Structures are given as structure tokens and as C-alpha cells.
Amino acid sequence: MAELARATAARRATEDVLAEVTAAAVELIPGVDTAGVLMIRRNGFESLGGTTDIPERLDELQVKFNEGPCIQAALDDLVVRTEDFRQETRWPQYSPAVVEIGVLSGISFKLFTAERTAGALNLFGFQPHVWDSDAQTVGSVLAAHATAAILANEHGHQLETALLSRDRIGQAKGIIMERFDVDDVRAFDMLRQLSQESNIKLADIAQKVIDSRLR
């Protein structure tokens with residue numbers, strides 16, 4: 001757990017941290033034979049950190065049938081447990097398909113991610129298994145590490161985007177100041193007015209000004 005905390009704090013690549021989280025789940029929790037993370041975004045889904053190819057195959061089935069424990073954990077419940085998929089009735093299409101692949105049990109943990117993204121840490125067993133309180137506790141801690149890695153990555157992207165936007169706006173202001181012989185306050189006002197009148201983001205207007213200079 002300490003190693004995972006250091007990995008997250010060090011801002012390592014998200015996929016590397018998630019791979020360590022899922023590997024730790026297989027190592028630490030009895031009954032877990034394979035593990036992965038499902039991310040649901042507005043433009044689709046993504047399978048990350050799979051210890052084998054099975055979690056990704058199960059994610060594809062859930063998206064295809066629009067049902068399953070990973071989706072339910074990602075969007076609704078905190079923890080979703082199945083002791084035996086052969087007797088599972090909540091997902092009538094997904095459960096038989098899972099059994100055909102050879103997965104008989106599973107437990108999924110909700111990841112508290114950004115507003116536009118939902119996620120779940122998903123652990124599966126090749127045998128029926130009763131998930132006890134220890135499994136749920138360790139899984140919840142691992143899910144917290146996965147969440148931290150995802151949020152750190154998203155925060156980093158947001159920061160990079162903000163810095164890039166600020167740089168573009170600064171360049172555009174300089175171009176306008178030179179072209180129209182105005183000060184920086186007036187140049188920014190001109191940019192903002194263009195943005196409002198055209199209903200285009202300020203950073204995008206700034207890029208258009210930069211592009212016009214290049215032409």
C-alpha cells in the first residue's frame with residue numbers, strides 16, 4: 001500500500017499506477033484471478049490496467065449489453081458483489097456470457113472520478129467465491145489509490161490546457177497591440193469582444209489571431 005501511495009504521489013503515468021493497483025489486487029485478495037479498471041466517458045469507454053485480457057473482454061460485453069457489475073459500480077453503487085455468476089439474475093445477458101469465458105465470481109468498486117468520467121475497479125475469480133469484509137476493505141483501499149492516480153492525471157491535463165490557453169492569449173494580445181497600436185488592456189478587450197460576438201472560446205479566438213499573422 002505504501003509503494004502504491006508513493007507511486008501515485010510521484011505523478012507517474014496513470015496506466016502504470018493502475019497496472020500496479022490491479023496486480024496488487026490479485027496478490028493481496030484471495031479469490032481474485034484477474035483484475036482491471038473500466039473508465040466510462042462521454043465519448044465511449046476505456047479498459048485500463050488489466051492483468052490479463054479478460055477484464056477488457058468483460059468490459060466490451062457490458063458495453064454491448066448495457067448491463068453488468070462494472071457499469072453498475074461505475075455509475076451507481078459503491079460496491080457490487082457476485083459470488084457465482086451461474087446464479088446471478090441481475091444481468092440476464094451478461095452473466096451467461098461471463099460464465100462461458102470462465103469467470104464465475106467478481107467484485108467491483110466505484111472510483112470517485114471527475115464529473116464527465118465514471119470508473120470502477122473490477123476484480124474477478126475463476127471459481128465461485130464469497131467476498132468477505134477483508135476483501136472489501138482491501139479492495140476499497142486499492143480503489144482509492146486508483147482514483148488518486150486518475151484525478152492526478154486529469155488535474156495535470158487541465159493545468160497543461162490552462163497554461164497553453166494563457167500562452168495563446170498572450171501571443172494574440174501582442175499581435176493585436178502591434179497591429180492596432182493599442183495597450184494590453186485594450187487588446188484583451190478586443191479579444192473578449194470577438195469571443196462574445198462569435199460565441200467562440202477566448203483561447204480559440206486567440207489561436208485564430210495567431211494563425212492570421214502566420215498567413
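Okay, let's start with a question: are Phe85 and Trp91 buried or exposed? Phe85 is buried, and Trp91 is buried as well. Hold on to those two, as I'll come back to them in a minute.

First, some background. What you're looking at is a predicted model, so let me say how confident the predictor was. Mean pLDDT for the protein chain is 84, with 85% of the residues at 70 or more. The weak spot is helix H1, residues 2–9, where the mean drops to 57 and confidence is lowest. At the other end sits helix H5, residues 94–101, which has the highest confidence, at 96.

On to the overall layout. We've got 8 helices and 5 strands in the protein chain. If you walk along the sequence, they come in the order α-α-β-β-α-α-β-α-β-β-α-α-α. The protein chain has 215 residues, and 43% of them count as buried. As for the surface, about 11,900 Å² is exposed, and carbon and sulfur atoms supply 50% of that. Then contacts: take the ones between residues at least 6 apart in sequence, and 59% of those join residues at least 24 apart.

Right, back to the aromatics. How many aromatic pairs do we get? The count comes to 2. In general, you describe a pair of aromatic rings by the distance of the centres and the angle of the planes. For Phe85 and Trp91, the ring centres are 6.4 Å apart and the planes sit at 45°, so this pair is tilted. Keep the cut-off in mind here: rings pair if their centres lie within 6.5 Å.

The other pair is Phe85 with Tyr94. Here the centres are 6.0 Å apart and the planes are at 80°, so we call it edge-to-face, given that the label applies over 60 degrees. Phe85 and Tyr94 are both buried, too. Put the ring pairs together and Phe85, Trp91 and Tyr94 are linked into a cluster.

Now, Tyr94 also takes us into H5, since that helix covers residues 94–101. Which residues of H5 are buried? They're Tyr94, Ser95, Ala97 and Val98. Looking down the axis of H5, the buried residues fall within an arc of 165°, so they line one face of the helix. As a reminder, an α-helix has 3.6 residues a turn, so residues three or four places apart point the same way.

One last detail for anyone who likes backbone angles: just after H5, Gly102 has a positive phi, at about 110°.

That's my bit, thanks.

Notes
Residues numbered from 1 in each chain as written. Predicted model: local features only at pLDDT ≥ 70, side-chain atom pairs only at ≥ 80, totals over all residues. Heavy atoms only, no water. Phe/Tyr/Trp six-rings, centres within 6.5 Å; stacked < 30°, edge-to-face > 60°. Buried < 20%, exposed > 50% of the residue type's maximum accessible area, 1.4 Å probe, protein only. Helix = DSSP H or I, 4+ residues; strand = E, 2+ residues; numbered from the N terminus. Contact = heavy atoms within 4.5 Å. Areas by Shrake-Rupley, 256 points an atom, 1.4 Å probe, with all protein chains shown as cover. pLDDT = per-residue confidence, 0-100. Arc of directions from axis to C-beta.
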